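This briefing goes through the arrangement of the chains, the sheets and one selected residue. The structure is shown first.

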Protein chains: 4
Amino acid sequence: MIRHTSSSFRVRYGETDQMGVAYHPNYLAWCEIGRTEYIRRLGLPYAEIERQGCFLAVADAAVRYASPARYDDLIRVETWLDSVKSRALDFRYQVHREEPSPALLATARTTLVALDAHGRPRRLPESILNLFREAM
Amino acid sequence: MIRHTSSSFRVRYGETDQMGVAYHPNYLAWCEIGRTEYIRRLGLPYAEIERQGCFLAVADAAVRYASPARYDDLIRVETWLDSVKSRALDFRYQVHREEPSPALLATARTTLVALDAHGRPRRLPESILNLFREAM
Amino acid sequence: MIRHTSSSFRVRYGETDQMGVAYHPNYLAWCEIGRTEYIRRLGLPYAEIERQGCFLAVADAAVRYASPARYDDLIRVETWLDSVKSRALDFRYQVHREEPSPALLATARTTLVALDAHGRPRRLPESILNLFREAM
Amino acid sequence: MIRHTSSSFRVRYGETDQMGVAYHPNYLAWCEIGRTEYIRRLGLPYAEIERQGCFLAVADAAVRYASPARYDDLIRVETWLDSVKSRALDFRYQVHREEPSPALLATARTTLVALDAHGRPRRLPESILNLFREAM
């Protein structure tokens, strides 16, 4: 059973904007890095879920920005599951700066829904659903 | 007085992901295109606001995704102001597909706060604040 | 017969970096906008080429940067075909700033090779090849 | 003295496009990750160079793509200096896939020129120039 995962990386130059800070949509991409890592830790790379004909699409996303991230800052994303349903997963995230000085930069949440290869809603495959339930 | 603006553009190849649809964080960048256009229509390019030492930073963002956008789809973002305060602006957005078939793809909202060149909260310059108030 | 196409758009906020100019890899994405437009003008949207099981992958790209682009600058990309072979296309590009002051910002070239759905080299479908040849 | 650096990271979901592979302009961003790491290894974070009023702008870039990268592939960028002049640096790169199966994905080169805060060409600060020369 895992409760949460930590993913660390540095802010890339191309992620900054002319305000000198990381461009705000990038935080959603960072959350996805955390989510990918979380799912990998369950023993199931996300690429494998797609090979089973199941696509997890973001249906809802929200980010609250507390403090900006700058180029080359060491970022840590904490990711955990908030709820598991047969057709939807809720993830929560905290985006922290580790270096040069620790701070909470943002909190976020996303709701993912399971889709088939044609983009239609479907149930999560049972084996995958069980992995998520056990992780809660 | 303007009530809302419409901004149109096509989905770029690089905005798609391997699910074959536009990658979800891009919607926040599209909302910014709408916001830029809205502010330009007030007679004040955003670049000019920054030259006055005022930076509008996204403090809060939320997107609800209804239907996916695909490569080369013609997108139209409707943008309007939802509230104006001396230190914060709330914008709302609807992301529509115009071609090949019309559909509402997403709704979104962002809260922007005014910062000075050092990233500290500040009041919006009075002349700019008035422009936003008149636009409501 | 078309000789070249012009594609215009404004630099997005998220395309800038902390140097205050457009991040250099974006120019390759802008060239793709020009290429997309060029192909569309041939009467054949690129999405249609993919539906025929033919994918045009960039095998080689080069950009020479002369002058930076800034947020909200109006950009115009001139695109033309430089050579057409049964398995490869060479495109050339000029990236211009139109507003606020005209300037040549960059020149670029890309070689595209035709791939099938499995990523293996293939000949361009004859009808598509003819369209490209006529455009030269 | 360092001869080259290795930088490793995984392909992000948002870096893929609908062809199912990493979108080609991203390779230039990956080269920048390698370059950042190279410069950091010299004992001088790039952010520090900018604080000294020296900006390294990409004046010329070329990428040769040999094989595609896919989502979640483990990428390794090898970076080395090819030439050092008082106003320009040439970097070379090899982009390798480490997992799931090793392969050379691309080779690239970039020329960087030193600019002051106003975007005008300048000499590299002597201390920084010496660090680069010693690294050759």
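The points below cover confidence, sheets, helices, contacts between chains, symmetry and one residue in its surroundings.

The model is predicted, with an ipTM of 0.92 and a pTM of 0.91. Ten-strand sheets run across pairs of chains: one is built from chains A and B, and another is built from chains C and D. Chain B also touches chain D, in a contact that takes 9 residues from each of these two chains.

**Confidence**

- Chain A has an average pLDDT of 93.
- In chain A, 99% of the residues reach a pLDDT of at least 70.

**The sheet of chains A and B**

- The 10 strands make an open, antiparallel sheet, in the order β1(A)-β3(A)-β4(A)-β5(A)-β2(A)-β2(B)-β5(B)-β4(B)-β3(B)-β1(B).
- The edges are held by β1 (5-10) of chain A and β1 (5-10) of chain B; each has a single partner strand, so one side of each lacks a neighbour in the sheet.
- On average, and with direction ignored, neighbouring strands of this sheet are turned by 25 degrees against each other.
- Where do the two chains join within this sheet? The order places β2(A) beside β2(B), and 5 bridges link these antiparallel strands, with β2 of chain A spanning residues 55-65.
- At this junction, A:A62 stands opposite B:A62 of β2(B).
- Inside chain A, strand β4 (residues 88-99) pairs with strand β5 (residues 103-115) in the antiparallel sense, over 10 bridges.
- In that pairing, A:R97 is opposite A:A103 of β5(A).

**Helices on the sheet**

- Helix α1 (residues 26-41) of chain A packs on the sheet and touches β1, β2, β3 (74-84), β4 and β5 of chain A.
- The direction of α1 of chain A makes about 65 degrees with that of β3(A).
- In chain B, α1(B) lies across β1, β2, β3 (74-84), β4 (88-99) and β5 (103-115), and runs at about 65 degrees to β3(B).

**The sheet of chains C and D**

- Here 10 strands form an open sheet with antiparallel pairing, ordered β1(C)-β3(C)-β4(C)-β5(C)-β2(C)-β2(D)-β5(D)-β4(D)-β3(D)-β1(D).
- β1 (5-10) of chain C and β1 (5-10) of chain D stand at the edges; each has a single partner strand, so one side of each is without a neighbour in the sheet.
- The average turn between neighbouring strands of this sheet is 25 degrees, direction ignored.
- Strand β2 (residues 55-65) of chain C and strand β2 (residues 55-65) of chain D are paired antiparallel through 5 bridges.
- C:V63 stands opposite D:A61, which is in β2(D).

**Contact between chains A and B**

- This contact uses 18 residues of chain B and 17 residues of chain A.
- On the chain B side, α1 (26-41) and β2 (55-65) each supply at least two residues.
- β2(B) gives the largest share of that side, with 10 residues.
- The chain B side comprises 13 nonpolar, 3 polar and 2 charged residues.

**Contact between chains B and D**

- The side of chain B that touches chain D has 4 nonpolar, 4 polar and 1 charged residues.

**Symmetry**

- A turn of 180 degrees with a shift of 0.0 Å along the axis lays chain B on chain A, with an RMSD of 0.0 Å.
- Among the residues of chain B, B:A62 comes closest to that rotation axis, at 2.0 Å for its C-alpha.
- Of the interface residues of chain B, 94% are also interface residues in chain A, so the copies meet through the same surface.
- Chain B is laid on chain D by a turn of 180 degrees and a shift of 0.0 Å along the axis, with an RMSD of 0.0 Å; that is the relation of a two-fold axis.
- For chains B and D, 100% of the interface residues of chain B are also interface residues in chain D, so these copies meet through the same surface.

**Residue B:E78**

- B:E78 is located in strand β3 of chain B.
- Why does B:E78 count as partly exposed? B:E78 has 17 C-beta neighbours inside 10 Å, and the class covers counts between the limits of 12 or fewer for exposed and 20 or more for buried.
- Beyond neighbours within four places in sequence, B:E78 is in contact with B:H4, B:S6, B:Y93, B:Q94 and B:H96.
- B:A47 is 31 residues from B:E78 along the chain, and their C-alpha atoms are 21 Å apart.

Definitions and conventions:
Residues are numbered from 1 along each chain as its sequence is written. Chains are lettered from A and ligands numbered from 1 in the order in which they are written. This is a predicted model: local features need pLDDT of at least 70, side-chain atom pairs count only at pLDDT 80 or more; totals for chains, interfaces and linings use all residues. Two residues are in contact if their C-beta atoms, placed from the backbone, lie within 7 Å. Helices (H or I, at least four residues) and strands (E, at least two) are DSSP runs, numbered from the N terminus. Ala, Val, Leu, Ile, Met, Phe, Trp, Tyr, Cys and Pro count as nonpolar, Asp, Glu, Lys and Arg as charged, and the others, Gly among them, as polar. Two strands pair if DSSP finds at least two bridges between them. Copies are superposed by least squares on the C-alpha atoms of residues with pLDDT of at least 70 in both. pLDDT is the predictor's confidence in each residue, from 0 to 100. Axes are lines fitted to C-alpha atoms, for helices over the stretch in contact, and angles run from 0 to 180 degrees between N-to-C directions.
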